[in-house]
Amino acid sequence: MTTQAGTAPAPAKASTGRGSGKGPRGIVATRRRTALIFSTPALLLILLVTVFPVLYSIVLSFARVSIDYDGFQIEEFTVGNYGALLQSGAWYQALGFTLLYTVVTVTVELVLGMLAALVLERLGVTRGWMLALLLVPWSLVTIVSAQLWRYIYDSTYGIATWAIQGVTGDAPVILGEPVSAAVALMVADIWKTTPFVAIILLAGLVMIPEEHYEAAELDGSSAWQTFWQVVMPQLLPTFTIAVLFRVLQAFGVFDLPFVLTQGGPGTATQTLAIMGYRVLFQDINIGPGAAIATTTAIIVGVGCLLFLRAFRNQARGES
Amino acid sequence: MDIDRRGLLVGAAGLAGTVALAGCAPRGERTEIGDWPTEVGDEPVTVDWWSAQIATNDGGDLRPRLIEEFGKAYPNVRINVVEAAADTDTNRTTLTTQIAAGSQSPDVFHGDIAWPGQFAENKLATPLKTLVPDDFWDQYPEGLRTAASVDGDYYMFPIYIDNSFLVYRQDLLDKHGLQVPASWEEVVETSKKLIDTGDVDYGFVYQGNVYEGMTCNVVEFVADAGGLLTDEGVTEATATSSEAKRALEFMASLITEGVTPRASLTYIEQASLDAFTTGRAAFLRNWSYSYDTANSPETSSVAGAVGIRSRPGFDGTDETHTTIGGWGSYINPHTLVPAAALAWARWLADEDAQQIIVREGGVIPARTASLTSPDAVAAAKPQYSIAADYTLVPRPTATAFYPKVSQGIYVNANSIAAGQSAVGTGLDRMQRQMETALAGQAL
């Protein structure tokens with residue numbers, strides 16, 4: 001900011017002369033106003049399509065809403081919607097599954113993504129090709145990849161069913177049993193999203209100066225020691241970003257289970273997002289649906305903040 | 001022009017607030033439904049019709065033909081087709097949010113036969129009692145009238161229905177000198193014989209996944225046993241009745257006796273059809289299109305070797321039951337062209353359109369008389385003659401909480417059929433969940 005303020009007057013005077021008669025402070029103030037005027041339409045748009053719906057959703061979560069011939073009406077404000085959630089076994093089940101899904105998929109994706117990134121970083125001229133190949137799953141629209149996995153898991157002609165039957169002798173009904181359906185869902189997510197994690201981590205890896213590796217080698221550290229004591233501390237900010245992105249995505253996952261299992265069998269793979277959709281749009285239960293959306297946002301928001309604080313403290317400790 | 005930041009933010013917040021309040025504010029004066037005109041005037045009007053394709057005999061779209069014919073009777077009314085989403089739930093979601101927000105369009109929408117309860121409760125569909133004479137509804141079978149009504153009022157004009165059938169391998173029955181089964185007990189017996197011959201892997205397959213299709217199957221089996229899952233007013237669950245117990249015991253025995261594969265408990269319509277058209281199953285319960293698909297060389301390896309009959313009953317009963325699928329026309333309560341909307345929706349359900357469906361359509365007409373008309377006889381479709389004799393059993397859709405009621409049915413039925421729950425325990429749980437749902441307390 002100080003550099004901008006210090007260099008701003010000269011070109012302003014030279015180009016338009018509008019700043020003549022005003023000091024540097026006046027020119028900066030004019031520029032700020034101009035910037036505000038230009039950005040106002042975009043800010044208003046964001047306010048209308050993002051901030052307002054979020055705030056209104058929170059309002060609805062505290063309301064008893066009915067639909068009449070005059071549209072939907074807020075009848076009264078209440079905390080009953082949250083009370084209904086806390087007494088609902090289905091909500092706890094959806095919360096538990098969403099947490100499990102997030103922890104398992106993010107953990108596995110970080111491990112596999114790190115391995116892939118380490119390999120890619122060592123590759124020479126073939127890195128570009130390998131990167132392109134690796135990105136194929138990520139580049140597929142989730143609806144399409146979910147449909148592909150559905151074919152793979154199909155109990156009549158699915159290749160996964162055929163392979164498992166070849167080993168065990170029994171044809172499994174992969175998407176029909178709670179445990180195997182959950183695992184199948186996680187596998188599909190890990191297959192698709194690991195490349196995304198690998199790319200982010202690779203970006204961090206290539207930023208680490210080569211001298212640091214050479215110094216570690218001169219000090220006689222093993223590959224394992226180099227990874228934990230040289231690579232990881234410097235990779236921590238990138239790693240944090242990868243985790244944050246993935247936790248946010250995984251906790252709000254909707255499209256994959258919607259196509260693959262519809263939250264089933266029963267409600268075994270019902271995530272909070274799927275439950276919110278069902279309550280809000282299938283059952284037309286607006287207040288509780290908004291409460292599910294709000295609590296989901298709060299849980300993931302608080303989780304991310306705690307995670308960021310923990311990693312920031314660790315990063316400070318490392319430095 | 002000098003604008004300070006505070007002023008800008010206050011202005012933006014004010015604008016957002018104004019827009020928000022405008023969105024929430026009640027709309028202007030709207031005619032009460034009881035005051036709606038029922039005669040179309042001379043002024044040209046356009047009716048937005050939210051609809052999905054209605055299949056013709058050769059897989060085309062019957063809608064242009066219906067619109068053309070309607071135009072001859074009502075030259076002042078133009079029908080503007082608004083394409084519906086392919087998926088039923090997406091349709092419901094879109095229509096729900098649109099109409100609940102007060103949208104005047106679409107004027108008429110194509111909706112599932114299971115929607116009246118929910119749409120009536122949430123004022124998303126127009127009650128028709130004051131707009132249509134009572135005897136208009138006499139032309140439809142009783143089960144369909146029940147499905148279209150809530151608390152004594154009608155909310156949907158039927159367009160076409162779907163029934164379930166038993167599709168079977170005629171070639172294998174002939175090969176082994178077996179008769180077409182006349183009861184469920186005979187389906188079991190014949191299935192075992194055919195599996196023993198090695199010609200098929202499975203006997204009978206159906207849609208047992210944890211979804212709406214399973215509810216259809218359960219409702220049908222319970223009706224076969226002589227019962228219902230709720231009282232007639234759909235206010236109380238009756239899932240622990242002896243009839244429900246008999247039905248669910250039979251469904252569980254299909255798996256334990258090796259007649260139905262466990263995979264069937266993950267089947268939706270297409271998966272069960274695949275099991276049949278690939279030659280793995282001898283009997284299939286599915287909707288009317290499955291017979292045509294199974295007999296088409298392009299889509300089936302058993303084409304030309306497939307027969308069809310009504311779903312049988314249990315030993316000692318002559319009545320055959322099917323639940324009702326299909327679609328009808330709902331009128332948006334916010335429409336600004338009520339007379340034209342009513343004329344279009346009613347015309348689609350009435351004789352002229354229904355006879356076009358019989359002659360040229362690939363679906364089953366809703367009118368009883370159309371099913372037995374000379375046109376229907378000339379069409380020579382076995383589905384028509386079977387449908388004319390069926391007893392229709394509606395799902396308990398006349399409640400605003402039907403999705404949760406249905407969930408209570410299909411989750412527990414799947415668990416019982418899979419052997420994960422004993423029949424008694426599973427039905428007790430089904431009863432409790434249905435009661436909670438009917439009380440509006442399920443999330």
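This is a short dialogue on reading a predicted model with chains A and B.

Trainee: Where do I start with chain B? What are its helix and strand counts?

Mentor: Start with the inventory. Chain B has 18 helices and 14 strands.

Trainee: What does the radius of gyration say about chain B?

Mentor: Compare the value with what a compact globule would give. For 443 residues that is near 22 Å; chain B has 24 Å, which agrees. Then look at the box. Along the principal axes, the C-alpha atoms of chain B fill roughly 90 × 55 × 45 Å.

Trainee: How many of the residues of chain B count as buried?

Mentor: Burial is a neighbour count. A residue is buried if 20 or more other C-beta atoms lie within 10 Å of its own. In chain B, 51% of the 443 residues count as buried.

Trainee: Which share of the contacts in chain B joins residues 24 or more positions apart?

Mentor: Take the contacts with a separation of 6 or more. In chain B, residues 24 or more positions apart account for 74% of them.

Trainee: Which domains does the assignment give for chain B?

Mentor: Read the ranges with care. Domain 1 covers 36-155 + 325-392, and domain 2 covers 164-323 + 396-438. Their C-alpha centres lie 29 Å apart. The contact between them takes 18 residues from domain 1 and 16 residues from domain 2.

Trainee: Which elements of domain 1 of chain B supply the side that touches domain 2?

Mentor: Four elements of chain B each supply at least two residues: helix H4 (116-121), strand E4 (149-150), helix H16 (382-389) and strand E14 (391-392). By class, that side of domain 1 has nine nonpolar, seven polar and two charged residues.

Trainee: Now a single residue. Where does Thr317(B) lie, and is Thr317(B) buried or exposed?

Mentor: Place it in the fold, then count neighbours. Thr317(B) is in the loop between strand E10 (306-310) and strand E11 (321-322) of chain B. Thr317(B) has 14 other C-beta atoms within 10 Å, so it is partly exposed. Check distant sequence too. Gly226(B) is 91 residues away along the chain, yet the two C-alpha atoms are separated by 9.2 Å.

Trainee: How many residues does each chain give to the contact between A and B?

Mentor: Count each side separately. Chain A gives 38 residues and chain B gives 36 residues. Several elements of chain A each supply at least two residues, among them helix H5 (89-122) and strand E2 (71-77). H3(A) gives the most, with ten residues. Now sort by class. The chain A side has 23 nonpolar, ten polar and five charged residues.

Notes. Residues are numbered from 1 along each chain as its sequence is written. Chains are lettered from A and ligands numbered from 1 in the order in which they are written. This is a predicted model: local features need pLDDT of at least 70, side-chain atom pairs count only at pLDDT 80 or more; totals for chains, interfaces and linings use all residues. Two residues are in contact if their C-beta atoms, placed from the backbone, lie within 7 Å. Ala, Val, Leu, Ile, Met, Phe, Trp, Tyr, Cys and Pro count as nonpolar, Asp, Glu, Lys and Arg as charged, and the others, Gly among them, as polar. The radius of gyration is taken over C-alpha atoms; the globule rule is 2.2 Å times the number of residues to the power 0.38. A residue is buried if 20 or more other C-beta atoms lie within 10 Å of its own, exposed if 12 or fewer, and partly exposed in between; C-beta atoms are placed from the backbone. Domain bounds come from an automatic or database domain assignment.
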